[in-house]
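Please open the structure in a viewer and keep the selection panel at hand. The tour proceeds from a single residue pair outward to the whole chain and its partner.

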Amino acid sequence: MKKFYYVLSSLAIVAMCFSSCKKTEDQAVISEPQFQSGQTISSDTLSGSVKGTMESGKTYYFKDQVIVNAGDTLVMQSGVKLLSLSPNAQLIVKGAFVSLGTKDHPNWITGVDAFNNPSKYKLKSLQDPNTDPGLMPSGKMWGGIQCEATTTLIDIKWTHLDFAGGTASTDNPPAGYKSGDDLFCILFQNPDGFLILEDSWIYGTTTDVCRVNGGKIHIMRNTVEKLAYNDGDCFNVKNSTTGDMAYNLIIGTAKGGTKASNKGTYGSVQTTINMYNNTYISGGWRSVDPDRGANVNYEQGARGNAYNNIFVNCKTGLRILENPAADTNNCHYGYNLSYGDTITVVNAFYPPTHITHPTDHDIPNPASFYPGYPNSYKLGQVYDAPSLVGKNNPQFKNFPLPVTGVISLYNFQGDYDFHLNSNSPAIGAGYTAFTPIDATAPVSNSYLKATVTPPNMDLGAFPTDGSGNQHQ
Amino acid sequence: MRYRILILLLTLGIYNSIVYGATIQGHVKSADTKEQLIAAEIHLDKTSFFTSSGFDGSYTIKDVPVGTYTLKISYLGYETFTKSVSVTSADSKVTVEASLKPNTELLDELVIYGKIDKESERSARKSEKEAENIINVMPAKTIELLPDLTTAGVLQRVPGISIERTSTGDARYAIIRGMDQRYNYTLVNGIKIPSPDNKFRYVPMDMFPADLLERLEVMKTLTPEMEGDAIGGAMNLVMKNAPTKRTINLNVGTGFNTLLTSRGYENFDKSVVNFQSPVDINGPDYVATPYDFTYKNFDYQKRNFPMNTVLGFSFGDRFLKNKKLGVVVAASYQNLFRGSNSIWFRPENQPQPGNIPTFDGIFTRTYNTQQTRTGIHTKIDYNIKDNHKISLYGLLMELDEAQNRYTIDTSLTIGRSGTGTGNTYILHRSRIQNQRIGNVTLQGNHKFTKSFQVNWSGVYSKASAQTPDWSEYQTVQVVGYDIEGNHVATPQVLNIPFYRIWTRNSDRDWAGYLNLKYHRKIMHQDVTISAGGLYRDKFRDNVYNNWNLIPNNSSTGQPIPYDGNLTPDKFHFNGTSAAQGNRVNPLTYTATEKILAYYIQAKIILFSKIEILGGVRVENTEQGWKTVQDPKISYGAYGTVPYQDVLPSVNIKYAINGHQNLRFSYYSALNRPGFFEYVPFTVNGDNFSLSGNPKLQHTTSNNFDMRYEWFQNLLDQVLMGAFYKKINNPIETAVLFTGTSSASLQPNNFGTATNYGFELSVTKYYGKIGFQGNYTYTHSSITTAKLYYDTNFVAVQTTQTRSLQGQSPHVGNLSIIYKNQDNGLEAQLALVYTGKKITFVSPYKDLDYWQRATYQLDFSVEKKFRKRFVAYAKLNNILNTPIVVEIYHKNIYRTGNFALTEQKNPDRITVQKETYGQNVVIGLRYKM
């Protein structure tokens, strides 16, 4: 800790220097102090119970369970690679885990082979999921970050979490799992704890990227690709979870995109999640369950604001569950753009089996295709709108719309660019009269705290003012 | 006397002018107790005229020609009554009232023990009357006439007992005075037997074919020499003993279930099931593929009229000089086809805001079950000398069940926009369950002097169960409407999960019992002092393994429409450890139990009027468990819990007169946590994580009883009793709060519960017709932690006071029995009433599931012919009584998009309704 204060105070002095002599434009190159906790980790292989700091720029390895005990903290400074030598490699976090990558020096947790040969594993063309390393069951290289009820903080910034998941090892499955169970990429389960996941990349999981059974969360500006073979949602929260999910680019999920439920709640907190300015591409097609696979989901007793999202070729549209009902009075949504290349997709913009209210500020405007809207409109009404196919192209900088071939195979980012062209209908179509929840605000340390991006007038994760998702 | 007969003869003679011969009639009673003697043998010497006395002691011999006869009346334990009778005219009626003197030479207890027919109803009444504690006895003679094939079925006829049923409506567990199965234990010939259950110690009572029983005893209070873990009571199955003369019984029966004959029976071929899992065959590290599993267990064959088979055999005889060696062998085999149809509205675990129950699916299920029950037992006893007896007992009970469960699950949450829409899942489950209990007991009884006796037992028991390849696959499709209002459905696709589970568990139990008894007169009063003990060593092994087959998607990543052929190429595993099965899981664990118990008790009989039996028992227990987790990493991977209980008790019996007793009793008892309840291995559930609780305290209780007994004669009786139980640290599974914001479902201790009530049991015979009725009122109360999901969408912690799970406030039986000794026709119509009871405790306040009160009506009839044969018929569940489960909450599901069927009551929501059909058995018994 001493070192930390020293670092902080020196930073303050540097800052004072800057403010006192700001008359010139000279660009000094100054060393960036790094966040540190406890001792520097000297060994290059992590094993057993571990705490301390993994030094900036270094490469570490792990091959089995690495445990951060309750009260302990494990820190990855920027540019740290934590490479797995075995699918049994796994982080069990009972205390705190911090990964502070930066835009210039991102961190990596992935398999050693995938790190060394990215072109072999992260394929940039349409792939059969049965042989695609990102989706095939045998392609998982490490067992994710598994937290317990004692976990106080997971803080992951600018970090690649690739090929995580698999099934729980027989050696010692994490708490709550039997061996052989599907592993979440991140399991978080402390309603009083904080989960920050921002500016990070997640590629190829077995099931959900984040399963949160209680927590204060901040999930912003991440890019998620190739998520789950046929059973998994992207960000799936339950049990008294609050926070924001915004500016995420979510491509090719097996089932749902962002999902909130108040299931299993206790204590005094209702699940409240804002889902705004996300871009969802080709979601839900691999789900075996025919009615799952929506982009935005509010389920049992959950509430929040869902605005300014772009939905492209998702199997099911925004879904407000009727039974057990979401907190429908406090679910606010609209100003979302839906695009579909097939009749099935456009006819599910408002899934007829749910109680999603069309709103006048949606693109397309419901009056343009709903027979009798709004006067004789009935909630959950079935409609048929072939005219919507291919309409309202969001005009991404580089993504084929209409897609060529099968929608479901567009499950990766590759060289695609989801920034908006200047002719995009998504520009200026947003709604900003609501505020982020900022549930992780108590994490105020300047290194650790979350950076909240407020809602934007442009839709999707990449608004034209450049304030959103910073990837690519 | 002779004059009186003559007068009677003359006066009664008038009424008999139509018959061809005279009638000799009268009553037989005991000279000392004045009780009627039932089934006394009456014959006219040197003729073929023969009868036996009825239930009120009366007898009649008809069509006796004119002449002088010697009337002989004999009865076991009494001197033969002889009288000369003259019949003077063909239409006369002669009445002879007989008083039989007890045969004092036969009064030695040991001799009577061997000779009185323990299977008879009068012996049962006698046992109830003479017992030191409060018991109810159901003898073989009564059981034979009951409509039940298993011991569990018989139990529901015993005062104060209700039963838990299986999914096909068969009785399985006994709830004694509102205390569910965990609070009761099962003895065979006084020896406690282990359970094939993988978590708990209670024994499924339907494993025991009823025809193997000599008698069924239910002990409702304990004496110090009895094991102390019966807060509710103990069930003792006394198996058939070697008779005094050669006896052979045969029983052949068949039958059917009306539900199955009306809708057909469909099941899979048991022989295709792999009893060994992939790791059993290939070793623990084996990585399975979908090709390692059979798919033939989902080929169901239909049968239109499956016939049941019931077979029974017993042989008993005594051999050698003085008939020193007794042997009995009995076997029973039942192959029964059972079914049920059920509809279940599955409640969502968490209610709606305002704590209103909500439902997530409609499950329409049909069960088809084949039960094969085999029981064999044998006993060899040898009288070394008159006062030294040794016996070897062996028992093997096996129950195999092959069950096909077909489910149509219409989701109320996914894809639902009103009736006829929503995700529809079709599930096929094939399951074999095999349960076995074996026991070998070597026992010795030694009477060293007139006043000193020793008895000992060495016991080896093993109970085991397995469910090989218990598996279920499912398909899913969504049904909805198109814009024209036509029903449309997506193609069926294989859904997740498709599980293949192998479970195997065993309980090995060594026990030794030693009892010493010393009897003498102290100050002219009878005093018996007993002391003894027990040591038991138990080892339980549980293995669970599960493979989840994941359906393959197409090359475009989409689910593939299911073509109806279940083949291995359609599946894969999600990872290597998934292909190894859920090897590390909470249900793979071992458990141990060591018990050292000892007691001392004294029985004092004061002035031949008051019997006091009191003493203390000490039980030292050490329970332990070990999971497959790494103890260096996982909390509670193994542990032991030692504890000691000091259990005082006293039973006082006051004989008001020869026919009436008044009893008072106090005993202290315990209840040990289930083996699995300690295991802290946590598994994340849908709403809450679930785990055992190693901090669990065992349950103790103080029990107070009184009973008034009136034995009007050898059959008629009135029993009136009351009880009060105070239970400390009862164990219930409920939401446990850890800190301010986390909760899990765990077994836990909840303060003090109470349970009190009264029982009334009346048996009354009027000649050939008898009435048996009993009624029990029970009131119990327990307060446990609950959640209340309020209108602000938060669940607040609260408590709820309710009755114990399984306890019905009102339980009753009423039967009408017809017994005609002359033509050998017997019939019984039996009604069982079980009041409403909680069958599931919800984690949420006031949302427990209640089973509605039921009336079950059964009938049986039998007819003796050619002296040795009995033809019988049993008709079970005449009213086809459904089991209905409800939540007591304002019913908002009678209309609207989420309306449910079967909702008749505005104040209660029906959750489940199950029907089983009637069961018919006809058969033939032969007795020699």
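Select Ile42(B) and Thr51(B): Thr51(B), in β3(B), is the bridge partner of Ile42(B). This is a predicted model, in which local features need pLDDT of at least 70 and side-chain atom pairs count only at pLDDT 80 or more, while totals for chains, interfaces and linings use all residues. Residues are numbered from 1 along each chain as its sequence is written, and chains are lettered from A and ligands numbered from 1 in the order in which they are written.

**The sheet around this pair**

Extend the selection to residues 41-44 of chain B, which form strand β2; this strand and β3(B) are paired antiparallel over 3 bridges. Strands are DSSP runs of E of at least two residues, helices are runs of H or I of at least four, and both are numbered from the N terminus. Two strands pair if DSSP finds at least two bridges between them.

Next, add the neighbouring strands of chain B: the open, antiparallel sheet has 4 strands in the order β3-β2-β5-β6. Its edges are β3 (50-52) and β6 (81-87) of chain B, each of which pairs on one side only.

**The whole of chain B**

Now select chain B entirely. Its secondary structure comprises 8 helices and 51 strands. The C-alpha atoms occupy a box of roughly 105 × 65 × 55 Å along the principal axes. Of the 928 residues in chain B, 49% are buried (20 or more other C-beta atoms within 10 Å of the residue's own, with C-beta atoms placed from the backbone).

Contacts come next: two residues are in contact if their C-beta atoms, placed from the backbone, lie within 7 Å. Among contacts in chain B between residues at least 6 apart in sequence, 68% link residues at least 24 apart.

**Colouring by confidence**

Colour chain B by pLDDT, the predictor's confidence in each residue, from 0 to 100. The average for chain B is 90, and 95% of the residues score at least 70. Within chain B, strand β17 (residues 265-268) has the highest mean, 97, and helix α2 (residues 109-115) the lowest, 37. Residues 105-115 of chain B have a pLDDT below 50, and this stretch has 8 contacts in the model beyond near neighbours in sequence. Where pLDDT is low, the predicted coordinates should not be read in detail.

**The partner chain**

Finally, show both chains: 61 residues of chain A are in contact with 66 residues of chain B. The predictor assigns the complex an ipTM of 0.91 and a pTM of 0.88.

How values were computed. A residue is buried if 20 or more other C-beta atoms lie within 10 Å of its own, exposed if 12 or fewer, and partly exposed in between; C-beta atoms are placed from the backbone.
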